[in-house]
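Here is a protein chain to explore on your screen. Take a moment to turn it around before reading on.

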Amino acid sequence: PEDAKKLYTDLIDDVTNLNGRVREAFVAREYGVIKGGPAPYQNQNLYGDINRMNDSILFNNYGPRQIHPKAKAVSWNWTGPGKLDCNTISVNGCTSITLASTVMGIEKVTSIRNEMKEIIDQITAKSK
C-alpha cells in the first residue's frame, strides 16, 4: 500500500506540473512519427519513449454506464493494444469483461479468459 500511495502522489504531481512520465509521454506523443490514439502509435517501435505496450498488462475499468432502453443494447466491449488487455464496464447493471491481445494468440487469451471466469465464479459463490 505504501508503494501504491507514493506512485499515486507522484502521478498527481506529474499531471499537475507536467513532470516525469507524463512529460515524457507528451513529448513522445507529439514528436513521434505515428499519430492517433494508443492503438496506432503507442505500441509501435516508432513511439519516442520507453515502449512496453507489447510486454504489459492493461487493466481499464469504465465503471457504470446507462444506455437508453430504446437503444436495445445487448453488450458493450472495447479493448486496447498490448500483450494482454482487460477492460470492464457495467452497462444498465450488466457487467462485461473483455480480454484481448495484439501479441498472444486466441488460444492463450481464451485460456486466460477461462481461468479468470473460474476465479470470478469462486468469488461469487463465496459471497452468496
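What follows is a walk through the fold, the salt bridges, a pocket and a cavity.

**The overall layout**

Keep in mind that this is a predicted model. The chain has four helices and three strands. If you read along the sequence, these elements come in the order α-α-α-β-β-β-α. Out of 128 residues in the chain, 21% count as buried. You can also ask how contacts reach along the sequence: taking contacts between residues at least 6 apart, 36% of them join residues at least 24 apart.

**Helix 1**

Let's start with helix 1, which covers residues 2-17. Helix 1 has 16 residues, and the distance from its first C-alpha to its last is 22 Å. That is close to the 22 Å expected at 1.5 Å a residue. How many of the 16 residues in helix 1 are buried? The count is one, so this helix is hardly covered, with buried meaning under 20% relative accessible area. Following helix 1 you meet L18, which has a positive phi, near 50 degrees.

**Salt bridges**

Side chains of opposite charge can pair when their charged atoms come close. There are four salt bridges in this structure. Here are three pairs from among them:

| Pair | Closest N to O distance |
|---|---|
| E2 and K5 | 3.5 Å |
| K6 and D10 | 2.8 Å |
| E24 and R21 | 2.3 Å |

Now look at where the partners sit. E2 and K5 are about one helical turn from each other, because they are three residues apart in helix 1. K6 and D10 are also about one helical turn from each other, because they are four residues apart in helix 1. E24 and R21 belong to helix 2 (residues 20-31), where they are three residues apart, about one turn of the helix. Why does that spacing suit a pair of side chains? An α-helix has 3.6 residues a turn, so residues three or four places apart point the same way.

Are these side chains buried or exposed? Both E2 and K5 are exposed. K6 counts as exposed because its relative accessibility is 51%, and the cut-off for exposed is over 50%. Its partner D10 has a relative accessibility of 30%, so D10 counts as partly exposed. Over in helix 2, E24 is partly exposed because its relative accessibility is 37%. R21 is partly exposed too, with a relative accessible area of 41%.

**The second largest pocket**

Next come the empty spaces. Rolling a probe the size of a water molecule over the atoms shows where empty space is left. The second largest pocket holds about 160 Å³ of space. Two elements give two or more residues to its lining: strand 3 (94-100) and helix 4 (106-127). Which of them gives the largest share of the lining? That is helix 4, with seven residues. To find the pocket on your screen, try picking out some of its lining residues, including I97, L99, I106, R113, K117 and I120. By class, the lining divides into six nonpolar, two polar and two charged residues.

**The largest cavity**

How many cavities of 30 Å³ or more does a search of the whole structure find? It finds one. The largest cavity has about 40 Å³ of space. Its lining is made of Y62, W76, N77, W78, N87, T88, I89 and T98. Strand 2 (residues 84-91) gives the most to this lining, with three residues. Sort the lining by class and you get four nonpolar, four polar and no charged residues.

**A closer look at T98**

T98 links the two spaces in our tour: it is in the lining of the second largest pocket and in the lining of the largest cavity. Its place is in strand 3. Is T98 buried or exposed? T98 counts as buried because its relative accessibility is 14%, and the cut-off for buried is under 20%. Which residues is T98 in contact with, leaving aside its neighbours within four places in sequence? They are N77, W78, T79, D85, C86 and N87. Of these, N77, W78 and N87 also turn up in the lining of the largest cavity.

Definitions and conventions
Residues numbered from 1 in each chain as written. Predicted model: local features only at pLDDT ≥ 70, side-chain atom pairs only at ≥ 80, totals over all residues. Heavy atoms only, no water. Salt bridge = Lys/Arg side-chain N within 4 Å of Asp/Glu carboxyl O. Buried < 20%, exposed > 50% of the residue type's maximum accessible area, 1.4 Å probe, protein only. 1 Å grid on protein atoms, 1.4 Å probe; cavity = no way out; pocket = protein on both sides within 12 Å on 5 of 7 lines; lining within 4 Å. Points joined across faces, edges and corners; volume = space filled by probe spheres on them. Nonpolar A, V, L, I, M, F, W, Y, C, P; charged D, E, K, R; others polar. Expected span 1.5 Å × (residues − 1). Contact = heavy atoms within 4.5 Å.
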